[in-house]
Amino acid sequence: MSVRTGGTSAPAHGKAGERLLKTGAVTFCCVLFGAAVAFGTTLVVSNTLGESGAGIFFQLVAYFAIATAVATFGADTGLVRTVSAALALGRQRIVGRVLATACIPVAAASLLVGGLLWLAADMQEVLPGGADGWVSDGVRLAALYLPVSALLTAVFGALRGFHAVVTFTVLQNVVLPSLRLAGILLVLAFGAGLTHLVTAWTVPILAAGVFGVVALRREMHRSWTGQTADRMKAEGMETVRGFWAFSGARGASSVVEVLLEWVDVIAVFILLGPAAGGIYGAVNRCVRLGVMLDHSVRMVTGPVISSTLATGDAARARQVFSVATRLLILGAWPFYLLLITFGPAVMSVFGPGFDSGAPALIIIGAAMLLSVSAGGVQSVLLMGGHSSWQLLNKTAALAVAVPLNLTLIPVWGIAGAATAWAAAVLVDCSLAAFQVGTVMKIAAPWRSLLLPAALALCVFGAGGLLARLHFGPSLEGLLLTVGFGGAIYAGALALLHRLGRITFRF
């Protein structure tokens, strides 16, 4: 899929381009659905449990996410890169060996981490809030389901490597969040407590795991080719040797990445209490809605970039990267501009008291506008085999985030946590953009980004500001901006497409 602004269009790539266009459209719809369901889940939890209860719930989700990242240790990304490269090079029969190489250590690590998490459930020194019975029971439940979560993450990586992006997206963004929301609503209907909410949030992982394994077996059967046993053995050993060299660095990076995602939420919970943790957790979930678009672009373009780099087609990789960057600006900038302009209205939907998180949305939203403009640099680093570079970037960002959180949260409250998050995001993004653009020579021409950015700024920046001046930071103003602004935005895109100023093609 290509988005071009001015000049001559990049050459179409036939059926492959059409498939990627359809995959991208389906993936985006599924991600949008999943983001809406996840947002709805946050609304239900926050309005039912209040700030303090929501803070404890978000804390438990943070522990589970961190433990899953530790147990998986980059195997999912390693599978995306290795499987997609194997398919591009005609070496499908090594995939079974690679899966074993990835999943056996993940299973062992998840059992170990789960056991440690179970033992640490009551230790206040290890897990802040562990003395609270709700937190202890929730941590133990998370420990029980950790092996399934880690293996499911690896299976999802393999599906992406097989280019089964739609299957993966449906499972991750439709099936899993829908089952979680249904379970939470059912639990709340019977008046159950927080421990049962955690149960409703973790049990659907089992169903998604079963569906994922079935889908993976189908993809493996489809890709099977008649290679000789001798060649299979030699190629398998070559791939096994390199798999964990790449995935190990990515594993450390993924742990740092998930710490970056949750360190501010945990820090707010510890330093300011559960109520502030609940408010900031809601802020975190709002911003993550925009990040979902970046993830959807990564899902579609990651395997393609891996294949093109493996076959030496750098021009194709640059084209796909440029497409991703322009689409991210077109899709994500309107969202973040709305968060900046109507933060109080957005936060008010979570319940009384949550609107105090609006200043944090302004700070993080501004940083995310810049981050999105860099494009899918993280995916290019990983698919290009530079997981060690990403580890250094994430470590530098974490080194910025931790001291800033400890320094700014006691002074500025949740606005201090937002400032720390924004600084970490910009450090990580700047380093990755420099490496991809300067070293790997993959970048989107800045001139091609000006029209998409200007369109978003005019409609949702200037237009949103005018609506706020007239209606105030109200829910009514937000809804009118979304409705009328969305219609104007879609019409302008259609007109520019017809005039040939913005085209979509691969």
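**A tour starting at helix 6**

Select residues 194–202 to begin: this is helix 6, and seven of its nine residues are buried, leaving it mostly covered. Here, buried means under 20% relative accessible area, with a 1.4 Å probe and protein chains only, and a helix is a DSSP run of H or I with at least four residues, numbered from the N terminus. You're looking at a predicted model, where local features need pLDDT of at least 70, side-chain atom pairs count only at pLDDT 80 or more, and totals for chains, interfaces and linings use all residues. Residues are numbered from 1 along each chain as its sequence is written, and side-chain values use heavy atoms, leaving out hydrogens and water.

Still on helix 6, click through the buried ones: Leu194, Thr195, Leu197, Val198, Ala200, Trp201 and Thr202.

Now zoom out to the whole chain. It holds 17 helices and two strands (a strand is a DSSP run of E, at least two residues). Of its 506 residues, 55% count as buried.

Next, colour by pLDDT, the predictor's confidence in each residue, from 0 to 100. The chain averages 81, and 87% of the residues score at least 70. Pick helix 15 (residues 414–439) for the highest confidence, at a mean of 93, then strand 1 (residues 3–5) for the lowest, at 39. Around that strand, select residues 1–14: the pLDDT is below 50 there, and the model gives this stretch 45 contacts beyond near neighbours in sequence. A contact means heavy atoms within 4.5 Å.

Last stop: residues 225–238. Here pLDDT stays under 50 too, and the model has 18 contacts beyond four places in sequence.

Conventions:
Buried < 20%, exposed > 50% of the residue type's maximum accessible area, 1.4 Å probe, protein only.
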